[in-house]
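Below are some comments for a colleague at the bench, set out as numbered points. Please read them with the structure open beside you.

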Amino acid sequence: MGSKSDYEYLAPAIEVLKAFDIPYEARVVSAHRTPDWLFQYAEEAEGRGLRVIIAAAGGAAHLPGMLAAKTLVPVLGVPVPATMLNGIDSLLSIVQMPKGIPVGTLAIGRPGAANAALLAAQILATTNKALREKLREWRESRRDEVLAQELPS
């Protein structure tokens, strides 16, 4: 995340990763305040075994794109509603990457963070049958919850 204040928005991603027993690390890596650390983190990501990076950032939101520029590890960007524009600025910054440097961009805030973790799990599940089965069961549980709902008459 770009700053400690982003943690509250990224917390749902951490909850999802824990629920699926996916190892993760949560770090503050600022594109603007720690650019050298950002480059080192991105350049070492693949060698350290990272398979997907979820990057949350607000405002100008350069973190996801700069990470993606320095690694081949897939980057999923989560815009954070950190300014008066409530995350629209971050969304546009993350989604408008130039050709050749893709960033998978999710919804603004907590829902986007949860979906980023689910998408990361799906990416990992392409080579992990047990995780794929956990995801299938999780989806079936969501379906069953909806089907069991009754409205007042």
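1. I begin with Glu43, which has a relative accessible area of 49% and is therefore partly exposed, and I note at once that the model is a predicted one. The side chain of Glu43 meets that of Lys70 in a salt bridge, with 2.9 Å from N to O. This pair links distant parts of the chain, since Glu43 belongs to helix H2 and Lys70 to helix H3, with their positions 27 residues apart in sequence. Lys70, for its part, counts as partly exposed at 31% relative accessibility.

2. The pairing just described is one of 7 salt bridges that the structure holds. As background, side chains of opposite charge can pair when their charged atoms come close. Another example is the bridge between Arg27 and Glu25, in which the closest N and O atoms are 3.8 Å apart. Arg27 is partly exposed, its relative accessible area being 35%, and Glu25 is likewise assigned as partly exposed, with a value of 28%. These two residues also take part in a network of salt bridges that links Glu25, Arg27 and Arg48.

3. Helix H6 offers a salt bridge within one element. Glu133 pairs with Arg136, and the closest N and O atoms of this bridge are 3.3 Å apart. Because the two residues are 3 positions apart in helix H6, about one helical turn separates Glu133 from Arg136. Glu133 has a relative accessible area of 36%, so it is classed as partly exposed, and Arg136 counts as partly exposed at 41%.

4. The geometry of helix H6 can be checked against its length. The helix runs over residues 129–148, and its 20 residues, at 1.5 Å a residue, should span 28 Å; the C-alpha atoms at its ends are 28 Å apart, and the expectation therefore agrees with the model. At the start of H6, the backbone nitrogen of Ala130 has a side-chain oxygen of Asn128 within 3.2 Å.

5. What surrounds Ser90, a residue of helix H4? Leaving aside neighbours within four places in sequence, Ser90 is in contact with Ala57, Gly58, Gly59, Ala61, Pro79 and Val80. A polar atom of the Ser90 side chain lies 2.9 Å from the backbone nitrogen of Gly59. The relative accessible area of Ser90 is 0%, and the residue is therefore buried.

6. Ala61, one of the contacts of Ser90, deserves a look at its backbone, for it has a positive phi of about 50 degrees although it is not a glycine. Ala61 is found in the loop between strand S1 (53–58) and helix H3 (63–70), and at 3% relative accessibility it counts as buried. Asp21 also has a positive phi in a residue other than glycine, with a value near 55 degrees. Asp21 lies in the loop between H1 and helix H2 (35–45), and its relative accessible area of 59% makes it exposed.

7. Is Val75, placed in strand S2 (residues 75–80), buried or exposed? At 4% relative accessibility, Val75 counts as buried. Beyond its neighbours within four places in sequence, Val75 is in contact with Ile53, Ala55, Pro64, Leu67, Ala68, Val103 and Gly104. Val75 and Arg51, which are 24 residues apart in sequence, have their C-alpha atoms 9.3 Å apart in space.

8. Helix H4 (residues 88–95) also holds Leu92, which has a relative accessible area of 46% and so is partly exposed. Leu92 joins Leu85, Ile88 and Val95 in making a nonpolar surface patch of about 360 Å². A reader following this helix may wish to set Leu92 beside Ser90, a residue of helix H4 that is buried.

9. The last point concerns Ser3, in the segment before helix H1 (7–19). Ser3 has a relative accessible area of 16%, and as buried means under 20%, Ser3 is classed as buried. Its side chain makes a polar contact of 2.9 Å with the side chain of Ser5. When neighbours within four places in sequence are left aside, Ser3 is in contact with Val28 and Arg33.

Terms used:
Residues numbered from 1 in each chain as written. Predicted model: local features only at pLDDT ≥ 70, side-chain atom pairs only at ≥ 80, totals over all residues. Heavy atoms only, no water. Helix = DSSP H or I, 4+ residues; strand = E, 2+ residues; numbered from the N terminus. Expected span 1.5 Å × (residues − 1). Polar contact = N/O pair within 3.5 Å; in protein donor to acceptor, adjacent residues only side chain to side chain. Buried < 20%, exposed > 50% of the residue type's maximum accessible area, 1.4 Å probe, protein only. Contact = heavy atoms within 4.5 Å. Patch = residues over 30% accessible without salt bridge, like charges linked within 9 Å, V, L, I, M, F, W, Y side chains within 5 Å. Areas by Shrake-Rupley, 256 points an atom, 1.4 Å probe, with all protein chains shown as cover. Salt bridge = Lys/Arg side-chain N within 4 Å of Asp/Glu carboxyl O.
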